[in-house]
Amino acid sequence: MFEARHSMDAPTTTSAGSDPGDGGGWFTTRTTAGPDPTPPGSEPEGRIPQPRPAREPRPAEPARTAPVAPAGPVAEPRPQRPARQSASPDALLVRRTMEEVGPVADQVTSYFYALLFVRHPELRQLFPVAMDTQRDRLLKALLTAAEHIDNQDVLVAYLKNLGRGHRKYGTHAGHYPAVGECLIAALTRYATTTWDAPTEAAWVRTYTAISQIMIDAAAEDELKAPPWWLAEVVSHDLRTSDIAVVTVRPNQPYPFLAGQYTTLETPWWPRIWRHYSFAAAPRSDGLLSFHVKAVPAGWVSNALVHRARPGDVLRLGPPAGSMTVDHSTDAGLLCLGGGTGIAPIKALVEDVAEHGERRPVEVFYGARTDHDLYDIDTMLRLQRTHPWLAVRPIVDHGLQLPDAVRDYGPWDEYDGYLSGPPGMIRSGVDALRDVGIPVDRIRHDSVEDLVAAAN
Ligand SMILES: NC(=O)C1=CN([C@@H]2O[C@H](COP(=O)(O)OP(=O)(O)OC[C@H]3O[C@@H](n4cnc5c(N)ncnc54)[C@H](O)[C@@H]3O)[C@@H](O)[C@H]2O)C=CC1
């Protein structure tokens with residue numbers, strides 16, 4: 001049963017406006033320049049075509065995007081904002097629809113899921129029982145992708161990751177037309193002023209292109225990786241009253257890169273997945289560690305901190321994230337880790353150490369109080385072992401973590417790495433730009449993912 005507000009005929013939620021609070025809303029007008037447009041493939045108009053069977057797997061494509069994609073697990077970039085002036089005709093029509101439905105985004109979402117579950121009840125089991133926080137993530141991802149359809153280089157990597165990630169939900173190729181039909185139906189209903197035949201045709205082409213990339217990526221991934229991993233908790237270390245370091249042993253090898261994250265499901269909240277970064281570089285014993293802070297009303301985080309014990313079995317999705325070390329340069333690393341955001345920073349430090357590099361690494365580790373610097377002993381131990389590493393604990397006293405970097409430097413020979421709460425990432429990007437690090441040399445995970453992770 002879905003919530004009452006998902007009633008199909010009369011969605012009752014009020015307008016959400018744009019996505020709350022994170023500055024990257026799914027219907028937000030984009031302005032920053034992106035690469036040249038690539039026309040989407042043409043498909044029959046007016047209906048969602050059946051997807052082609054997955055294409056034959058091809059050898060890995062060469063990296064085509066600015067962020068470095070090291071060998072091994074894929075480090076996917078995030079879509080960049082597209083350039084309005086160079087947009088393709090389909091992209092213009094897609095964005096026009098999104099501008100119209102932006103003010104009623106919440107109603108579109110409710111209607112879309114209601115339609116999907118009424119027309120295709122078999123799909124309901126792929127979603128969590130309670131669909132409050134997660135309910136619009138699929139639609140949000142699709143609309144984000146549609147909005148960036150011109151930005152093929154980055155979009156393809158994003159969609160491949162999305163397609164791979166959907167395997168753990170039990171998604172298969174046959175589900176995509178159902179989703180596409182409901183998406184078009186929801187847009188038709190709410191984009192009343194601008195919807196017409198050319199617009200519908202543009203959406204059909206766009207969705208078909210998007211879903212085909214996801215289907216192909218999932219099929220390719222099937223040949224080399226499971227849809228999920230089982231992972232047994234082998235240790236549970238409560239560092240403060242609300243932070244635990246949880247270490248698990250996956251049931252089969254789990255390839256990933258330092259700085260990446262995974263999705264994690266507990267046995268207590270089926271089909272609710274949350275993101276956590278790996279808190280260590282890949283280890284020879286194959287164990288994986290996560291730093292988890294129990295947040296108010298966070299079902300998964302509270303279960304992991306207060307309930308999980310050795311012997312419990314979790315599920316892990318595939319690795320994701322592009323905040324990985326670029327080993328093709330010897331630039332220094334300026335790392336800001338806020339709260340449990342220190343977890344992937346520690347992994348990056350270990351990665352540099354394992355590569356035997358002598359590049360300077362400066363870690364600013366921020367917390368609200370001394371007590372919250374729960375991993376400072378580990379970081380200081382690393383500093384004692386590695387002369388190229390400097391660790392600076394920054395406890396809030398009027399100045400917040402990003403401000404601290406301004407008192408040190410110069411930083412223009414450094415790459416920036418940011419991990420922590422969304423507000424810290426945003427002001428951290430500004431601070432690093434201010435101290436001379438170009439934006440294409442600043443890496444962090446998506447703020448949207450972090451918002452979703454904070455549960
Ligand atoms: N557990 C994990 O593996 C990872 C967690 N994260 C994210 O890190 C966050 C950690 O949360 P907490 O430990 O509660 O951190 P927190 O809220 O206690 O903040 C930690 C540090 O960030 C700074 N900060 C917070 N908000 C700021 C803002 N608006 N502007 C500038 N600086 C700000 C604070 O000054 C403090 O030094 C969560 O949002 C989590 O999703 C990120 C990556 C990995």
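The exercises below work through a predicted model, each with a solution in steps. Local features are given where pLDDT is at least 70, side-chain atom pairs count only at pLDDT 80 or more, and totals for chains, interfaces and linings use all residues. Residues are numbered from 1 along each chain as its sequence is written.

**Exercise 1. Find how many helices and strands the chain has, and what percentage of its residues count as buried.**

Solution. Start with the terms: helices (H or I, at least four residues) and strands (E, at least two) are DSSP runs, numbered from the N terminus. On that basis the chain has twelve helices and eleven strands.

Next, burial: a residue is buried if 20 or more other C-beta atoms, placed from the backbone, lie within 10 Å of its own, exposed if 12 or fewer, and partly exposed in between. Of the 455 residues, 46% count as buried.

Last, contacts: two residues are in contact if their C-beta atoms, placed from the backbone, lie within 7 Å. Among contacts between residues at least 6 apart in sequence, 80% join residues at least 24 apart.

**Exercise 2. Give the strand order of the open sheet of five strands, and say which helices pack on it.**

Solution. Two strands pair if DSSP finds at least two bridges between them. The order is E9-E8-E7-E10-E11, and the pairing is parallel. Strand E9 (389-395) and strand E11 (442-444) are the edges, each pairing on one side only. With direction ignored, neighbouring strands here are turned by 15 degrees against each other on average.

Now take one pair. Strand E7 (residues 332-338) and strand E10 (residues 414-419) run parallel and are joined by six bridges. Within this pair, leucine 334 has glycine 416 of E10 as its bridge partner.

Then add the helices. For angles, axes are lines fitted to C-alpha atoms, for helices over the stretch in contact, and values run from 0 to 180 degrees between N-to-C directions. Helix H8 (residues 342-354) lies across E7, strand E8 (361-367), E9 and E10, at about 155 degrees to E7. Helix H9 (residues 376-385) also packs on the sheet, where it touches E8 and E9, and its direction makes about 155 degrees with that of E9.

**Exercise 3. Describe the open sheet of six strands and the place of strand E5 in it.**

Solution. The order is E4-E3-E6-E1-E2-E5, with antiparallel pairing. E4 and E5 are the edge strands, each pairing on one side only. Neighbouring strands are turned by 40 degrees against each other on average, direction ignored.

Strand E2 (residues 243-250) pairs with E5 in the antiparallel sense over six bridges. Valine 246 stands opposite phenylalanine 290 of E5, and isoleucine 243 stands opposite lysine 293.

Although E5 (residues 288-293) is an edge strand, six of its six residues are buried. Leu288, Phe290 and Val292 point one way from E5, while Ser289, His291 and Lys293 point the other way.

**Exercise 4. Check the length of helix H4 against its residue count, and decide whether it is enclosed or not.**

Solution. The expected span of a helix is 1.5 Å times one less than its number of residues. For the 14 residues of H4 (residues 152-165) this gives 20 Å, and the end C-alpha atoms are 19 Å apart, which agrees. Of these 14 residues 13 are buried, so H4 is largely enclosed by the rest of the structure.

Glutamine 152 belongs to H4. This residue is buried because 20 other C-beta atoms lie within 10 Å. Aspartate 90 is 62 residues from glutamine 152 in sequence and 13 Å away in space, C-alpha to C-alpha.

**Exercise 5. State how many residues surround the ligand and sort them by class.**

Solution. A residue is near a molecule if its C-beta atom, placed from the backbone, lies within 6 Å of it. There are 28 such residues around the ligand, and the closest are Ser277, Gly338, Gly339, Gly366 and Gly423.

Ala, Val, Leu, Ile, Met, Phe, Trp, Tyr, Cys and Pro count as nonpolar, Asp, Glu, Lys and Arg as charged, and the others, Gly among them, as polar. The shell has twelve nonpolar, twelve polar and four charged residues. Elements that each supply at least two of its residues include E5, H8 and helix H11 (422-434).
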